[in-house]
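Biologist: I should like a close look at the loops of this chain, set against its overall architecture. Please take the individual residues one at a time.

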Amino acid sequence: IINRYVKTHKRVIFLDYDGTLVDFKSNIEQATPDEDLYKILAQLTDDPANHVVLISGRKHENLQEWFSDSNIDLIAEHGAWQKTKAGEWYQLPGLTDKWKKELQPIMELATDRTPGSFIEEKSFSLVWHYRKVEPGLGELRANELMNTLRYYTVEKGLQVLPGDKVIEV
């Protein structure tokens with residue numbers, strides 16, 4: 001890999017944010033970039049052969065706050081929002097959030113039944129977090145919620161995505 005990297009004169013480097021560039025935290029607000037990460041990104045983007053793209057499930061507002069001065073392309077909310085290094089944010093066409101009114105109460109019920117869980121709302125998704133939930137209970141409630149959400153989303157063209165202690169619609 002190193003030899004190919006050195007010999008290549010045009011590279012696109014895709015980097016995942018949560019769990020790769022920044023460790024998972026029990027409080028998602030604490031999973032912010034540190035000085036070391038900024039230095040690494042600067043080193044990568046200082047090489048004119050590199051085109052760096054950071055991909056995240058985070059809100060585009062977070063990525064804007066953290067990386068607006070970086071020379072990188074940004075993809076937020078799993079592709080719902082995109083921004084080239086010199087451009088403005090634009091959203092994927094055809095997305096809607098009208099479905100949230102129907103599914104949010106289902107997720108709120110799971111939250112009420114699961115101490116330590118919470119819901120994060122993004123532009124076009126809802127995320128149920130259970131990282132701070134007692135082991136065993138979190139997995140049990142997550143499986144229940146996944147089954148319920150699949151039933152309600154099947155005809156709406158929505159995806160239910162399980163992740164590391166999260167379920168996202």
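Modeller: The account below moves from the whole chain to its loops, and then to a helix and the aromatic side chains.

This is a predicted model, in which local features need pLDDT of at least 70 and side-chain atom pairs count only at pLDDT 80 or more, while totals for chains, interfaces and linings use all residues. Residues are numbered from 1 along each chain as its sequence is written, and side-chain values use heavy atoms, with hydrogens and water left out.

The chain has 5 helices and 9 strands; these are DSSP runs numbered from the N terminus, with helices being H or I of at least four residues and strands E of at least two. In sequence order, the elements follow the pattern α-β-α-β-α-β-β-β-α-β-β-α-β-β. The C-alpha trace spans about 55 × 35 × 30 Å along its principal axes. Of the 169 residues, 40% count as buried, where buried means under 20% relative accessible area, exposed over 50%, and partly exposed in between, with a 1.4 Å probe and protein chains only. Contact means heavy atoms within 4.5 Å; among contacts between residues at least 6 apart in sequence, 47% join residues at least 24 apart.

Turning to the loops, Glu 77 is found between strand 3 (73-76) and strand 4. Glu 77 has a positive phi of about 50°, although it is not a glycine. Its relative accessibility is 6%, so Glu 77 counts as buried.

Beyond strand 4 (81-83), the loop that leads to strand 5 (90-91) contains Lys 85. Lys 85 counts as partly exposed because its relative accessibility is 33%. Leaving aside neighbours within four places in sequence, Lys 85 is in contact with His 51, Asn 71, Ile 72 and Asp 73. Between Lys 85 and Glu 65, which are 20 residues apart in sequence, the C-alpha to C-alpha distance is 14 Å.

The loop between strand 8 (161-162) and strand 9 (166-168) holds Lys 165. Here too the residue is not a glycine, yet Lys 165 has a positive phi of about 65°. Lys 165 has 28% relative accessibility and therefore counts as partly exposed.

For a residue within a helix, one may turn to Leu 137, which is found in helix 5 (residues 137-153). Leu 137 counts as partly exposed because its relative accessibility is 24%. Apart from neighbours within four places in sequence, Leu 137 is in contact with Thr 114 and Pro 115. Leu 137 and Arg 113 are 24 residues apart in sequence, and their C-alpha atoms are 9.8 Å apart in space.

Among the aromatic side chains, the structure holds 7 pairs; rings of Phe, Tyr and Trp (its six-membered ring) pair if their centres lie within 6.5 Å, and planes under 30 degrees apart count as stacked, over 60 as edge-to-face and the rest as tilted. One aromatic cluster is formed by Tyr 17, Tyr 38, Trp 66 and Phe 67. Elsewhere in the list of ring interactions, the charged end of Arg 11 sits over the ring of Tyr 5, 3.8 Å from its centre; a charge sits over a ring if NZ of Lys or CZ of Arg is within 6 Å of the ring centre and within 35 degrees of the ring normal.
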